[in-house]
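The exercises below concern charged side-chain pairs and their surroundings. Work through each task with the model in view before reading its solution.

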Amino acid sequence: MRRELLLVFVAAVALYLPTVRYGFVQDDRAIIVSNPAAHSIGAALAAFDDPYWPRATGAGLYRPVTILSYAVDWTVSGGRPGWVHVMNALWHGLATVLLVTLLARWLPTLGAAAAGLVFAWHPVHVEAVASLVGRAELLAAVGILGAVLAARRRQWAIAVLCAALAMFSKEHGVIAGVVILLDKWLHNSDEPRYPSAFWISLAIVTIGFLAAWLAVGWVGENDAAAVFYGRGTWGRLVIALPAALRAAILLIWPASLSVDYGPQVLPDRVGISSAAVLGFVVIVGVATLALRCRRRAPAISFAAGIAALSYLPTANLFFSSGVILAERNLYVAAILPAAFVGWAAPWLAVRRGPLPAVLAVAIVAIGCGWRSSARLPAWRDNRSQLLTLLADHPESYRAHGSAAAVLAGTGDTAGARREYQTADSLFSGDPYLDGARAIFLIGIGDTVAAVPLVNRGKRLSAGKRMTLRAAFVLELARGHRIQAAAIADSASRRFAGEKNWYLQFRQ
């Protein structure tokens with residue numbers, strides 16, 4: 001089995017070696033480049049009680065181990081992005097090896113290796129591995145899979161440490177204990193029960209993480225995607241269920257990938273749709289797989305269970321999350337299609353012979369690898385990412401909003417106006433985009449056009465940070481300095497980190 005493990009590790013790492021020439025893209029800059037906590041190990045340890053996003057952004061979350069991993073990389077490399085990209089590739093390779101080792105309990109060598117190759121090269125992984133902030137997904141996956149493997153081997157302390165690694169790297173790591181239970185449930189043997197002390201230790205770590213997350217990472221108004229603003233439970237589900245269908249399609253046939261799955265990449269629906277019905281069928285189907293395949297195909301049962309558990313925190317089924325759908329959030333869920341290939345390969349080998357089985361696996365793996373390789377350049381830099389999004393998904397309002405900001409920065413006011421208008425025509429419910437557009441319009445002297453945008457933001461209960469900024473700039477442009485000062489004081493008291501933004505206008 002060592003040869004197969006080396007094969008999948010090399011395959012996983014080799015695919016992403018071209019990213020050594022890539023830079024810091026989008027969120028990488030706020031989380032790594034502009035974050036002092038990510039620049040030294042001491043600073044990262046001192047910031048263990050700080051949120052993942054810098055406090056000035058108000059975006060919250062709590063992933064201290066992920067920040068610590070960046071600090072280690074920064075210390076070793078002096079802040080070179082190529083090194084951080086290589087480390088992402090190595091973490092991805094480790095996750096792949098752990099998966100193959102786990103599946104080898106239920107699958108023959110051919111099947112486990114086949115599953116590993118598909119997982120290593122699955123196209124939905126490109127965002128998680130090529131984007132440096134995808135490190136959180138990789139660490140959480142390594143922690144969850146490592147915890148299961150350590151528990152199997154009765155290495156209790158290591159299992160608890162791996163579970164802690166998963167949790168403190170990303171929120172969905174809290175599923176580690178449930179995944180261990182799932183794995184134990186699938187193991188039909190007379191193996192002794194796991195000791196109570198292990199479960200108690202795991203529970204203490206989980207409760208401790210949840211308490212820390214609520215104390216540090218809870219972000220209040222900024223914790224939901226803009227499309228969910230003002231929606232109740234039904235309004236959330238008519239968006240979430242089609243997103244579940246799209247997630248399943250991405251896992252099975254990842255032909256159309258996107259940096260953004262907001263409106264209208266996923267349509268802004270207001271009522272029940274066929275996509276919602278099919279999304280519900282997908283959810284029920286995955287749960288059924290986890291339950292019904294326990295005896296005949298435990299690898300499928302395990303994969304379905306861990307896929308569902310990892311997707312659930314961002315599925316928007318029970319509460320609104322910060323995204324409708326993101327490929328990086330499907331990193332662990334890709335275990336399910338990989339396990340299907342791993343199960344099918346030995347089945348085909350028995351009925352048709354080993355050569356057809358190997359050829360079938362090769363076709364699927366090479367197809368995944370080709371699609372992933374073609375997708376990699378989209379993450380080379382900010383320009384490549386934006387141009388790819390505009391070309392592949394011109395229906396994305398965020399793509400046009402980002403293009404407007406770029407054009408405004410280059411002084412192309414006509415182009416910026418056009419792109420802002422296109423973004424608004426696609427989706428008009430994002431107060432952050434409205435605020436940015438209003439500030440742009442005020443900056444070029446068009447306060448009349450900015451007023452309705454500011455008023456629209458005031459009618460929403462969310463997005464107040466950006467709305468207040470736009471209202472402040474509007475009052476300044478009107479010469480109402482007293483009103484502007486009142487807005488600045490209110491925003492500074494209400495939102496952490498806002499005081500410095502307003503101070504730049506008082507100098």
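**Exercise 1: a pair within one helix**

Task: Where do Arg478 and Glu475 lie, and how many residues apart are they?

Solution: Arg478 and Glu475 are both in helix H22, three residues apart, which is about one turn of the helix; helices (H or I, at least four residues) are DSSP runs numbered from the N terminus. Their side chains meet in a salt bridge at 3.6 Å, N to O, where the term requires a side-chain nitrogen of Lys or Arg within 4 Å of a carboxyl oxygen of Asp or Glu. Arg478 is partly exposed because its relative accessible area is 41%, whereas Glu475, at 13%, is buried (buried means under 20% relative accessible area, exposed over 50%, partly exposed in between, with a 1.4 Å probe and protein chains only).

The model is predicted, so local features need pLDDT of at least 70 and side-chain atom pairs count only at pLDDT 80 or more, while totals for chains, interfaces and linings use all residues. Residues are numbered from 1 along each chain as its sequence is written, and side-chain values use heavy atoms, leaving out hydrogens and water.

**Exercise 2: a pair across the sequence**

Task: Which parts of the chain does the pair of Lys170 and Glu137 link?

Solution: Begin with the contact, a salt bridge between the side chains of Lys170 and Glu137 (2.1 Å, N to O). Lys170 belongs to the loop between helix H9 (156-167) and helix H10 (176-186), and Glu137 to helix H8 (residues 135-152), so that distant parts of the chain, 33 residues apart, are linked. Finally, both Lys170 and Glu137 are buried.

Technical notes: Helices (H or I, at least four residues) and strands (E, at least two) are DSSP runs, numbered from the N terminus.
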